[in-house]
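This report describes a molecular structure for a reader who is new to the subject. The sequence and the model are shown first, and the description follows.

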Amino acid sequence: MTETEIESLLGAYALDAVDADERAEIEAHLATCPRCRAEVTAHREVAALIANSGIAAPEGLWDRIAVELSPELPVSAPTSADLIAQLPRRPESPHRKQRNYVAAMFATAAVAVVIALLSLQVVNLSNQVNSNRSGSALSSAVRSVLSHSHRTIVLTSAVRGLSATVAVGNDDDAYWVSSDLRHLPSNETYQLWTVVRDAVVSLGVLGSNPNDVTAFRIAPAMARLMVTIEPQGGSPRPTGTPVVSAPI
Amino acid sequence: MVGDFAGASDASLVIAISRWEEAALAEIYRRHAGAVYGLARRVLSNVQVAEEVVQEIFLRLWSNPQRFDPGRGSLRSFLLTQTHGRAVDLLRSESSRRNREEREARQTAEAGYDIEHEVWDLTVAEQLRDVVATLPYAERRAIELAYFGGHTYREVAAILAEPEGTIKGRIRTGLQRMHKALVVAGMVTSEGVSSD
C-alpha cells in the first residue's frame, strides 16, 4: 500500500476493522510514523468515549478476577518491561555472605547503587541447611533470633489463604522461617523479592522446599517482600505474580 | 479494597500494579470495568463471554502493566482498545460464527440500534449526544457496524452495498469529525482525552 492508502485506513484500523494483512502493513508503517500514530490514538480516544454505555460490570466479577491474582503457578512472563527493565541481575552467587553496612548510604545513594548493594547482601544458606542438618550456623542464628526480641513479617495471599513468616532480628537480620506453601518439583524454586522505590530486586532463591530456612537482610529502602515461583536457579526478574507478599 | 488509591491518577495506579498492589487494580476496575464490560457485551452479545473478556483484560493489565504507555492515550482508551481487539478476535473465530449469525438476525429485528441510543444514560450523555449528532447518518452507520458490530470495513461495504473506499473514508472522516467536536466540547484535548 502507498502511504496515502495506509492513511485512508487509519480509522478502520483503529476500530479493528481491517483484514489481518492490512493490519500488519499498517502497524509496520505506524512504527515509523508519529503523525499516523497520533491519529490512531485520537481515533481510539473517540471510540473509548462512544463505547461507554454507562452500565456497570456484573456483581461478583471482581471477586473472580481477584482469585486469579495470586496463582500458585505463574500465569505469564513479563515481556520487554519498561518498568521492570531497570532491574539488576540476580547475584551470580546467592551463597555469598557479605554483610556491608549500608544503612548510612541510603540517604545519598542513587537508586542503582542502592539496588546493587541490596543484591550483594543476599545470604541464602538453604543448601547448607540441607547438607548439614545437625546444628548448622544458620540454624543457630535462627534459634538465637527467635529466642530473643524480634519482629515477624507475615507474607500472605488473601485469595489463596497461604502465608509465610519471616523473623527479623534487632540488627535487621531476617530469616525465612516457615510457610504453608507447597513443595515444588525439583525444576522450580521459590524466589524472594523486594521492592525498592519502583524496582523489583531479587533477594535470592529459596529452593523448592518452602520450609528451608533462608537468611537475608532487611534494609530501610525495602517497601515490600514477595515470593514467586521461578525455574530452578531463579530468574533475573519475576516471571509470575507473587504467591505471597507483604509490606515491610 | 480500594485503600489509599481512590484519589490516585490512572498512571500512578498502573505503576502501583507493577509493584503487585492488588488494591490499585481494584481501583482501576472500579473506574473502568463498566466500560470494558459494556463494550465487550455490545460487540459479543453474550454476557458470559463478555465477562470472560473483562477478566482477561484486567488480568493482562495485572501481568503486563508496562504495556500501558501513558504517552499514547488514556488508560480507558488502552483498556477499551484491548477489549475491542479481543472481542473482535472471538467474534471472528470459527467457533463463534453460528452465534454471530443468530446475533445478526436478532439485531436486524431491533429498532433504535444506534450510538445515540447507547449513550443515552451517560452522565456526559448530553454533550456526547450533541457530538454524535454532528455526524452525518452514513458516517455514523459505518462506524456503528465496524465498531459495535465487529465488522471489517469490507464487510460493512457489503452490508451497506457501498464501495469499500467510501466506507473506509466514512469511518475515518466520522471519527475525525467527532474528535474535533469533542475538542470543542472540552471532552478531549487535541492530544487525547482530558483528565476529567
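In this predicted model, B:Ser45 is found in the loop that runs between α2 and α3 of chain B. The phi angle of B:Ser45 is near 55 degrees, which is a positive value in a residue other than glycine. Is B:Ser45 buried or exposed? A residue counts as buried if 20 or more other C-beta atoms lie within 10 Å of its own. B:Ser45 has 20 other C-beta atoms within 10 Å and is therefore buried.

Chain A offers a residue that can be described in like terms. A:Asp16 lies in the loop between α2 (10-14) and α3 (20-30) of chain A. Its phi angle is near 55 degrees, a positive value in a residue other than glycine. A:Asp16 has 23 other C-beta atoms within 10 Å, so this residue is buried.

The table sets out the general make-up of each chain.

| Chain | Helices and strands | Buried residues | Share of contacts |
|---|---|---|---|
| Chain A | 8 helices, 8 strands | 42% of the 248 residues | 63% between residues 24 or more positions apart, among contacts with a separation of 6 or more |
| Chain B | 10 helices, 0 strands | 46% of the 196 residues | 57% between residues at least 24 apart, among contacts between residues at least 6 apart in sequence |

Chain A thus contains both helices and strands. Chain B has 10 helices and 0 strands, and along its sequence the pattern reads α-α-α-α-α-α-α-α-α-α.

The next topic is the interface between the two chains. How many residues of chain B are in contact with chain A? There are 58 such residues in chain B, and they touch 51 residues of chain A. On the side of chain B that touches chain A, the elements that give two or more residues are α2 (22-44), α3 (47-63), α4 (75-92), α6 (115-118), α7 (125-133), α8 (137-147) and α10 (164-184) of chain B. Which of these elements provides the largest share? That element is α2(B), which contributes 10 residues to the side of chain B that touches chain A. By residue type, this side of chain B consists of 30 nonpolar, 18 polar and 10 charged residues.

The helices α2 and α3 of chain B therefore appear in two parts of this account: the loop between them holds B:Ser45, a residue that is buried, and both helices are among the elements that give two or more residues to the side that touches chain A.

Terms used: Residues are numbered from 1 along each chain as its sequence is written. Chains are lettered from A and ligands numbered from 1 in the order in which they are written. This is a predicted model: local features need pLDDT of at least 70, side-chain atom pairs count only at pLDDT 80 or more; totals for chains, interfaces and linings use all residues. Two residues are in contact if their C-beta atoms, placed from the backbone, lie within 7 Å. Helices (H or I, at least four residues) and strands (E, at least two) are DSSP runs, numbered from the N terminus. Ala, Val, Leu, Ile, Met, Phe, Trp, Tyr, Cys and Pro count as nonpolar, Asp, Glu, Lys and Arg as charged, and the others, Gly among them, as polar. A residue is buried if 20 or more other C-beta atoms lie within 10 Å of its own, exposed if 12 or fewer, and partly exposed in between; C-beta atoms are placed from the backbone.
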